[in-house]
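Work through the exercises below with the sequence and the model open. Try each task before reading its solution.

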Amino acid sequence: MAKLLEYQGKEWLRKAGIPVPVGRAASSPEEAEQIAAELGKPVAVKAQVQAGGRGKSGAVKLVNTPAEAREAATSILGTVIKGYPVRKVLVEEKLDIAREYYVTIIVNSARNARCPMMMFSTEGGMDIESVPEDKIFRLLISPLFGLEVYDAVDMLVKAGIPNDQVTTFANLLVKLWNAYKKYDCFTLEINPLVMTADGQLVAADCKMEVDNSSVYRHPEMGIEIARDFPHEPTELDRIGWGIEKADTRGSGFVMSMGFDEKSPGYIGYHPIGGGSAMMGMDALNKVGLKPANYADTSGNPVASKVYRVAKVVLSQPNIDGYLLGGFMMANQEQWHHAHAVVKALREILPKKPGLPCVLLLCGNKEEESLAILREGLSNVEGATRVEIYGREHVTDTDFIGQRLLALVKEYQAEKRKQGGDQ
Ligand code: GDP
Ligand code: MN
C-alpha cells in the first residue's frame, strides 16, 4: 500500500477536521530551528520515515528552545532507521499529555468480516502488540452505512471512557472514519491519540496507508508510487512502477531488493507468477545464488510489457546471470514472453557478453515459444551461455539451480581472468 509519512498523513487529517499539533516538516537543522522559533514554544522533533517505534529508538526528541530543535534535527537527519534514511523531521508543538489512546481502522479480511474494522484502546503510545487483548476493543464497520455514532459510543463505554468524554471521542472517531473513506485508506492509525491536559483530543502520530488501487483517484495526494517498498524506491523501482502504471494488461511488476550494488553473485530474477516465483527462489537458494530483484509477468501481459520488465531486470549493474523462471504450466500464451525475452536479450547480450541465461518456459504454446527462443537467440553476439528448457523441467528446481550455478561460475571465472589480464 502507498504509505504516507507522518507529516503528510497529518495534513490530510487536519483537512478532515481532526486536530493535529501545529507544525511542519523540515529538511535541515536551520529550517527546524526556524519552525521552532515561529511556534515560540517547546517542540517535538520527529524523524519522518516509514517505520514505527521511533519513540523507543530516540528518533522523537522533545526540546524547549529553537537552538535545541536545531541540535535535535542535526542528530536525527541523515541517520538510517530500519533501512530508511531520514530526509525530513517534523517539528511541531509539544503536547501537554494527560493520557494516550490508540485507535486504528484497518481492513478485516477474515471470511466472516471482509470489511473495515476499528480498534480502540485506552492503552495508547505503546506497540499495540504489547497491549493485553482485553484492553483492545473492536468494531466492524459497514462499508455501505459507515460508522454510526451510537456504535462508536457503545464501544467507547465498553472501553471505559468516562461519560463526560464519550461525545468528544465519538465525534473524533466518526471524523476518522470519514477520513478513512474519503482518502481510500487501507490503514489509518493514530497512536497515540492524545488527551491533552486541557481536555483536547489531538492526533499526535499518524500512520496512513492509501489503497494502491485507489491512488489514481487522489492526484491531490501526490503519491509517486502506488506500491509498498521495504526500502526507499531505487531508480529501478521508479522505472518498474512506470511500466506497471502505463499499461494495466497483465502484471508487469519489477522491484529491487535493495541490495548492495557493488557485491557480485546476484541474479536478474524474472519469475512468472507468484507460486512460480517461490519455486524459482528455491532454485536459487539451493545453490546459494541471490535474486537482485523481484519481478512478475503473469496474467497474460502483452509482449511489450514483458520486454520492458526483462530489460529492467537485465540492466541491473553487477548481475551475474538471468533466470526466466516459468516454473508452471502457464495458460497464458507463452510466445509473448518468448518474443519479449528474445528482444531484450538481443539488446543486452552484446553489452554483457557471456551472461548466463537460463530460460524456463512451459505451458500454452510452449513448443512455439521454445522455437522462438532458440531461433531468436542463435547467432546473437554474446549469447554464449544461454540454456532453454521446457516442461520436462517444469518443477525441477534442483536442475535449474544447478545449471545456472554452473554457468555463473564459468562467467565469474572469465570475468576475474579478464580483470587480471588488464
Ligand atoms: P512512534 O514511536 O514512531 O510511533 O512515534 P510517536 O509519534 O508515536 O511518538 C512516540 C511517543 O513520543 C508518544 O507515544 C509520546 O509519548 C511521545 N510524544 C510524541 N509527540 C509528543 C509530544 O508532542 N509531546 C509529548 N509530551 N510527547 C510526545
Ligand atoms: Mn506512534
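**Exercise 1. Locate R114 and describe its backbone.**

Solution. This is a predicted model. Start with position: R114 lies in the loop between strand 8 and strand 9 (115–121). Next, take the backbone angle. R114 is not a glycine, yet its phi is positive, at about 50 degrees. Set that against the general pattern: most residues other than glycine have a negative phi.

**Exercise 2. Find the cis peptide bond and place its proline.**

Solution. Look at N191 and P192: the peptide bond joining them is cis, with omega of about 10 degrees. Then place the proline. P192 belongs to strand 11, which spans 185–196. For context, most peptide bonds are trans.

**Exercise 3. Describe the shell around ligand 1.**

Solution. Begin with the count. Ligand 1 is surrounded by 17 residues, and the closest are K46, R54, G55, L95 and E100. Sort the shell by class: 6 residues are nonpolar, 5 are polar and 6 are charged.

Now trace the strands. At least two shell residues come from each of strand 3 (43–47), strand 4 (60–63), strand 8 (97–108) and strand 11 (185–196).

**Exercise 4. Which atoms of K46, L95 and G53 lie 2.6 Å, 3.0 Å and 3.3 Å from ligand 1 oxygens?**

Solution. Take the side chain before the backbone. For K46, a polar side-chain atom is 2.6 Å from an oxygen atom of ligand 1. For L95, a backbone N or O atom is 3.0 Å from a ligand 1 oxygen. For G53, a backbone N or O atom is 3.3 Å from a ligand 1 oxygen.

Then turn to area. Ligand 1 taken alone exposes 560 Å², and the protein buries 83% of that. Finish with the site: the space taken by ligand 1 is the largest pocket.

**Exercise 5. Relate ligand 1 to the domains.**

Solution. List the domains. The assignment gives domain 1 (22–93), domain 2 (97–221) and domain 3 (235–419). Check the shell against them: domain 1 and domain 2 each supply at least three residues around ligand 1. Last, take the spacing. The centres of domain 2 and domain 3, taken over C-alpha atoms, are 44 Å apart.

How values were computed:
Residues are numbered from 1 along each chain as its sequence is written. Chains are lettered from A and ligands numbered from 1 in the order in which they are written. This is a predicted model: local features need pLDDT of at least 70, side-chain atom pairs count only at pLDDT 80 or more; totals for chains, interfaces and linings use all residues. Side-chain values use heavy atoms; hydrogens and water are left out. A residue is near a molecule or strand if one of its heavy atoms lies within 4 Å of it. A polar contact is a pair of N or O atoms within 3.5 Å; within protein, one must be able to donate a hydrogen and the other to accept it, and residues adjacent in sequence count only if both atoms are side-chain atoms. Accessible areas come from the Shrake-Rupley method with a 1.4 Å probe; for residues, only the protein chains shown count as cover. On a 1 Å grid over the protein atoms alone, a cavity is a set of points where a 1.4 Å probe fits but cannot get out, and a pocket is an open set with protein on both sides within 12 Å along at least five of seven lines; lining residues have an atom within 4 Å of a point. A molecule sits in a cavity or pocket if more than half of its atoms lie within 2 Å of its grid points. Helices (H or I, at least four residues) and strands (E, at least two) are DSSP runs, numbered from the N terminus. Ala, Val, Leu, Ile, Met, Phe, Trp, Tyr, Cys and Pro count as nonpolar, Asp, Glu, Lys and Arg as charged, and the others, Gly among them, as polar. Domain bounds come from an automatic or database domain assignment.
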